[in-house]
Amino acid sequence: MDDRYGSDVLAAGWRERAKKPVPQVPAEVDLVVEVADDGFCGAVTRVQGGTVELEDRLGRKRLFPLGGGFLIDGSAVRLTVPSAAPQGNRRTASGSFVVADQRARIALPSRILVEGKHDAELVEKVWGADLRVEGVVVEFLQGVDLLDELLAAEPPSATRRYGVLVDHLVPGSKESRIADAVARGPHGRHVRIVGHPFVDVWQCVTPRTIGIERWPEIPRGTDWKTGICRALGWPSETQGDTGRAWQHILSKVHTFRDLEPELLGRVEELIDFVTAPAE
């Protein structure tokens with residue numbers, strides 16, 4: 001007759017046989033885990049040299065040894081080194097397929113002009129690989145007010161088109177009036193101005209990407225970026241503080257899925273415009 005309890009209750013290893021096995025989970029970037037010892041909770045940002053770096057919602061980063069001592073949804077796990085990414089149909093941050101062994105092309109005469117340093121950094125992070133393959137250069141435009149001056153100095157043509165991305169392109173805004181004037185002017189055929197409806201490009205990053213429910217409403221008369229930092233409890237006294245806030249936001253963006261559709265469609269439209277064959 002089988003003995004369901006075993007024949008020797010004092011045999012070595014009886015404690016181990018009673019333990020529930022702890023699942024092993026690859027420490028993939030953006031995986032959110034809790035440290036069992038002190039409750040620190042954060043997303044994986046990198047794995048290197050047997051350690052895993054976690055970043056919490058306030059931007060604080062800490063290193064921990066890989067292995068046990070972590071929780072996911074309250075359950076114990078062991079973090080392991082993630083496997084290498086497959087070499088098949090890999091995709092860029094914008095969702096395009098990676099072109100194997102493709103060097104950057106010589107820059108086309110056409111350009112994408114982006115109003116604002118932060119806007120340019122965001123476009124580079126998500127679409128940079130695609131733009132280098134196409135040979136499209138992104139240039140920082142200090143302000144849409146300066147567009148007329150640029151067009152006069154370097155006029156566009158069928159082989160030298162300009163795509164322009166601006167913030168807050170809504171009916172009645174200064175940006176929309178400038179866009180309408182350019183479209184009606186002598187260069188309108190070879191210039192396309194598009195934009196998103198948000199006050200600033202920060203809002204083009206989805207709230208969930210940076211761990212908030214929604215972007216705070218900032219009252220008129222308050223500098224928008226300063227108001228955002230204050231509302232989220234981030235340092236906000238100096239220009240350096242807002243710069244660091246943006247770098248924190250940008251660090252959370254990894255793919256097009258982290259951005260609002262209102263920006264995605266507009267950037268893709270500009271890329272198509274400046275890379276289309278000359279008529």
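Are Glu 55 and Lys 252 buried or exposed? In this predicted model, both residues are buried. They also belong together, for Glu 55 forms a salt bridge with Lys 252, and the closest N and O atoms of the two lie 3.6 Å apart. This contact links distant parts of the chain, the partners being 197 residues apart. Glu 55 sits in strand S4 (residues 51–55), while Lys 252 is found in the loop between helix H6 (239–251) and helix H7 (261–275).

The Glu 55 pair belongs to a wider set, as the structure holds 15 salt bridges. Another of them brings together the side chains of Glu 139 and Arg 111, with an N to O distance of 3.0 Å. Glu 139 is part of strand S9 (residues 137–141) and Arg 111 is part of strand S8 (residues 111–115), so this salt bridge ties together parts that are 28 residues apart in sequence. What about the burial of each partner? Arg 111 has a relative accessibility of 16%, below the 20% limit, and therefore counts as buried. Glu 139, at 31% relative accessibility, counts as partly exposed.

The loop between H6 and H7 comes into view again with Asp 258, which is located there. Asp 258 forms a salt bridge with Arg 208, with 3.9 Å between the closest N and O atoms. Arg 208 lies in the loop between S11 and helix H5 (224–231), so the pair ties together parts that are 50 residues apart in sequence. Here one partner is buried and the other is exposed: Asp 258 has a relative accessible area of 10%, whereas Arg 208 reaches 56% relative accessibility. Salt bridges can also share partners, and in this way Arg 192, Arg 266 and Glu 269 are joined into one network.

Attention now turns to strand S11 itself, which spans residues 191–195. Strand S10 (residues 162–166) runs parallel to S11, and five bridges join the two. Within this pairing, Tyr 162 stands opposite Val 191 of S11. Helix H4 (residues 174–184) completes the arrangement, as S10, H4 and S11 make a right-handed β-α-β unit.

How many of the five residues of strand S11 are buried? Four of them are, so the strand is largely enclosed by the rest of the structure. In a regular strand, side chains alternate between the two faces of the sheet.

Terms used: Residues numbered from 1 in each chain as written. Predicted model: local features only at pLDDT ≥ 70, side-chain atom pairs only at ≥ 80, totals over all residues. Heavy atoms only, no water. Buried < 20%, exposed > 50% of the residue type's maximum accessible area, 1.4 Å probe, protein only. Helix = DSSP H or I, 4+ residues; strand = E, 2+ residues; numbered from the N terminus. Pairing = 2+ DSSP bridges. Right-handed = clockwise from strand over helix to strand, strands pointing away. Salt bridge = Lys/Arg side-chain N within 4 Å of Asp/Glu carboxyl O.
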